[in-house]
Amino acid sequence: MRDWEAAWRGALYGPGGFFRRGEVPAGHFRTAPLVGPELAEALLVLLDRVDRLLGRPARLDFVDVGAGGGELSAAVRRLATGPLGRRLHVTAVDLGPARRLPGVRWTDTLPARVEGLLVGHEWLDAIPCPLVTGPHDDPWLARWWPVREGWRAEVGAPRDAAWADAVGRVRGAALAIDYGHLRADRAAGRYRSGTFAAYRGGRQVEPVFDGSCDLTAHVALDACAEAAGGDHVLVSQRDALAALGLTGAGPGGVVGLGGIVGPGGVVGPGGVVGPDGVVGPDGVGGIGGPDGVGGPLGVRRGGGMAWLESAARASRVAELRAVGGLGSFGWLLHGVDIPVSELLPPLPPWHP
């Protein structure tokens, strides 16, 4: 019988494998970091909360596991300013070729210790695991995915182990963002054909193990949560982003993270702006009056660019929070030596 886990691993990470040779998500599918800077902005709000609860340490880490093209790492580094930005160390972890990004350390191994926030954005779905057809006596399946005759499934134990190892290195918070499923739906047969799939050039294709396509499968995030243990919550991206301040507001206006905006204005993390003023990503914590300019765009009252940027931002936020799309991704957030309740308010449980 073929070892499908080994075949999957070789196709992605072996010599000439899909990711090992330098393929990046941007060339094959759309992920949240490619939508725009808004995900990075939201994660900086979360990181600031982690930083406060850790007592503002001299060094603060942001670790991006499964960094791909490094878009998320680069955005976090670029947008982080002020005291937090000066103490921030950004590390991108990926098995693909190292990429040169300003202010970002690139490595192919997890740091031994992380004090701050570790994020695995669509990392766990790319960890190969056994592919089976029921009936099967694997103990992980008995606990998490009881399969019947002819059902196909992915044994998520390698993902559980990887996530538990990552969380075990952290003091602060660890966040897995991914598409996935829950035991109740698995047991009910919602995924009786399994979720193993392949993508190439923006399209789903027949899976092959020759390194020509991305191979992936949904993540049993509930199993990962139990494996890592500790204080944690599992919520939707849609709800988590709203709780971090990423939401649309008012006619033509967009509320930035922790900020206040008037009609037609846009605000970045922590900034406050009056009507038609703009605070861009570099205007963190700045204040603009009714005709004030807080960001690099230099837009004043009545400027058309403010309206255009507001509309563009609203569109990006809507994509990140779309039900049935990116908004339905799961956010599995663990607090280590800090309470999760201080990072996110009570939110509905995740239902993919």
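**Cavities.** I searched the whole structure, a predicted model, and got one cavity of 30 Å³ or more. I put the volume of the largest cavity at about 40 Å³. I listed its lining next: Trp140, Trp145, Glu154, Gly156, Arg159, Asp160, His181, His218, Val219 and Ala220. By class I get four nonpolar, three polar and three charged residues in that lining.

**Pockets.** I turned to the open spaces after that. The largest pocket comes out at about 630 Å³. I find 32 residues lining the largest pocket, with Tyr13, Gly66, Asp94, Trp123 and Ala126 nearest its centre. Which elements give two or more residues to this lining? I noted helix 1, strand 1 (60–65), helix 4 (71–79) and helix 7. Helix 1 has the largest share, three residues. The split for the lining of the largest pocket is 17 nonpolar, six polar and nine charged.

The second largest pocket holds about 430 Å³ of space. Its lining runs to 21 residues, and I wrote down Trp4, Pro130, Leu131, Val132 and Ala153 as those nearest the centre. Helix 1 turns up here too, supplying at least two lining residues, as do strand 5 and strand 6 (152–154). I sorted the lining of the second largest pocket into 10 nonpolar, five polar and six charged residues.

**Helix 1.** With helix 1 in both linings, I went through its residues. It spans residues 4–13, and I have Glu5, Ala7, Trp8, Ala11, Leu12 and Tyr13 down as buried. What covers them? My list includes strand 5 (131–133), helix 7 (157–167) and strand 10 (214–216). At the N-terminal end I found a cap: a side-chain oxygen of aspartate 3 sits 3.3 Å from the backbone nitrogen of glutamate 5.

**Cores.** I looked up the nonpolar packing next. The largest nonpolar core has 47 residues, and Leu43, Phe62, Leu88, Leu175 and Trp331 make the most contacts inside it. Helix 3 (residues 38–53) gives the largest share of this core, nine residues. I followed up leucine 43: setting aside neighbours within four places in sequence, it contacts Phe62, Leu72, Leu117, Val119, Leu175 and Trp331. There is also a second, separate core of 25 residues, and I noted Leu118, Leu124, Ala174 and Val336 among them.

**Threonine 107.** Last entry: is threonine 107 buried or exposed? I count threonine 107 as buried because its relative accessibility is 10%, and the cut-off for buried is under 20%. Threonine 107 belongs to strand 3 (residues 104–107). Leaving out residues up to four places away in sequence, I see threonine 107 touching Thr91, Ala92, Val93 and Asp94. Asp94 I had met already, among the residues nearest the centre of the largest pocket.

Definitions and conventions
Residues numbered from 1 in each chain as written. Predicted model: local features only at pLDDT ≥ 70, side-chain atom pairs only at ≥ 80, totals over all residues. Heavy atoms only, no water. Buried < 20%, exposed > 50% of the residue type's maximum accessible area, 1.4 Å probe, protein only. Helix = DSSP H or I, 4+ residues; strand = E, 2+ residues; numbered from the N terminus. Contact = heavy atoms within 4.5 Å. Polar contact = N/O pair within 3.5 Å; in protein donor to acceptor, adjacent residues only side chain to side chain. 1 Å grid on protein atoms, 1.4 Å probe; cavity = no way out; pocket = protein on both sides within 12 Å on 5 of 7 lines; lining within 4 Å. Points joined across faces, edges and corners; volume = space filled by probe spheres on them. Nonpolar A, V, L, I, M, F, W, Y, C, P; charged D, E, K, R; others polar. Core = buried A, V, L, I, M, F, W, Y, C linked by side-chain atoms within 4.5 Å.
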